[in-house]
Amino acid sequence: MDPIEATKELLRWYVAMGADEAIGEQPIDRLAPARAAPRPPPPAVSPPPPSPAIAAPIAVVPGAASARRLAATATSLAELESAVRGFDGCALKRTATNTVFADGAAGAVLMVIGEAPGADEDRLGRPFVGRSGQLLDRMLAAIGYDRQQNAYITNILFWRPPGNRKPTNDEIAACLPFVWRHMALLRPKAVMMCGGTATAALLGRAEGIMRLRGRWFPLEVEGLDSPVPALATYHPSFLLRSPSRKNEAWRDLLALQSKLKDAQ
Ligand code: URA
């Protein structure tokens with residue numbers, strides 16, 4: 001194959017695999033430090049314990065401490081938004097185009113929490129505006145909710161992970177204090193946790209979404225007198241890939257509708 005066509009083919013493959021952005025002007029030789037440093041002796045003990053599947057304790061993540069301080073000073077959603085916009089403790093901000101804070105009605109009774117902005121959200125600065133967002137809007141409309149009136153949509157992360165990769169525990173831990181404060185300031189009657197990342201981050205549980213979906217969990221939120229009921233459900237982008245799961249998602253939506261009706 002002609003070398004230009006071969007290079008184009010390789011680039012198309014990278015994009016198909018999700019590596020759709022070049023980051024940094026200079027190449028980084030990630031093997032250089034490993035080559036330079038002497039190899040440590042092998043550990044004398046048995047293998048380390050498995051790493052937790054959920055966010056590491058936030059105290060050990062540098063960005064998390066300043067996120068907690070900043071979040072605590074916000075007394076309104078507008079103040080929280082400017083605190084998030086001014087926060088530099090999450091490395092994703094450096095590669096993102098926009099901060100994606102939230103979209104929805106300030107007095108909303110339903111708070112929807114997804115994972116992280118994708119390419120469309122990063123470009124427009126609003127959560128859930130791409131294909132999965134359009135599905136989410138249709139799902140909410142089916143039970144009488146929308147972002148103009150009674151639903152409020154945000155994510156665990158305010159910046160897009162490059163190439164839509166999975167967020168790291170440190171990135172989640174750096175954003176989480178803002179998410180909790182977000183809940184305390186919005187005071188929703190129910191939370192819809194979309195997908196495994198949002199669910200694991202908020203519950204601090206290691207089980208996957210397949211095990212947790214369809215279940216309610218009381219979220220203890222600092223600043224609120226009573227726990228907020230939160231439902232674990234599939235992420236709309238999973239439903240786009242696996243439409244046969246929509247019947248379970250529909251059951252979740254009906255449960256959400258009935259919980260909110262009881263809460264009025
Ligand atoms: N997926 C998410 O989790 N959030 C968005 O905002 C968009 C897609």
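Which side chain has an N or O atom 2.8 Å from a nitrogen atom of the ligand? Colleagues, the side chain is that of Asn155. Before I continue, please note that the structure shown here is a predicted model.

Let me begin with the polar contacts of the ligand. Besides the pair with Asn155, a nitrogen atom of the ligand lies 3.0 Å from a backbone N or O atom of Ala116. An oxygen atom of the ligand is also placed 2.7 Å from a polar side-chain atom of His235. The protein covers 92% of the 240 Å² of accessible area that the ligand has on its own.

I turn next to the surroundings of the ligand. The ligand occupies the largest pocket. Around the ligand we find Gly114, Glu115 and Ala116, then Glu121, Pro127, Phe128 and Ser132, and finally Asn155 and His235. Sorted by class, this shell holds 3 nonpolar, 4 polar and 2 charged residues.

My last topic is the salt bridges, of which the model has 12. One of them joins the side chains of Arg126 and Asp103, with an N to O distance of 2.7 Å. Where do these two partners sit in the chain? Arg126 belongs to the loop between helix H6 (119-124) and helix H7 (131-142), whereas Asp103 is part of strand S1 (residues 102-104). The two residues are 23 residues apart, and the pair thus links distant parts of the chain.

To close, I return to the ligand: Asn155 and His235 each place a polar side-chain atom by the ligand, at 2.8 Å and 2.7 Å respectively. Thank you for your attention.

Methods: Residues numbered from 1 in each chain as written. Predicted model: local features only at pLDDT ≥ 70, side-chain atom pairs only at ≥ 80, totals over all residues. Heavy atoms only, no water. Near = heavy atom within 4 Å. Polar contact = N/O pair within 3.5 Å; in protein donor to acceptor, adjacent residues only side chain to side chain. Areas by Shrake-Rupley, 256 points an atom, 1.4 Å probe, with all protein chains shown as cover. 1 Å grid on protein atoms, 1.4 Å probe; cavity = no way out; pocket = protein on both sides within 12 Å on 5 of 7 lines; lining within 4 Å. Sits in = over half its atoms within 2 Å of the grid points. Nonpolar A, V, L, I, M, F, W, Y, C, P; charged D, E, K, R; others polar. Salt bridge = Lys/Arg side-chain N within 4 Å of Asp/Glu carboxyl O. Helix = DSSP H or I, 4+ residues; strand = E, 2+ residues; numbered from the N terminus.
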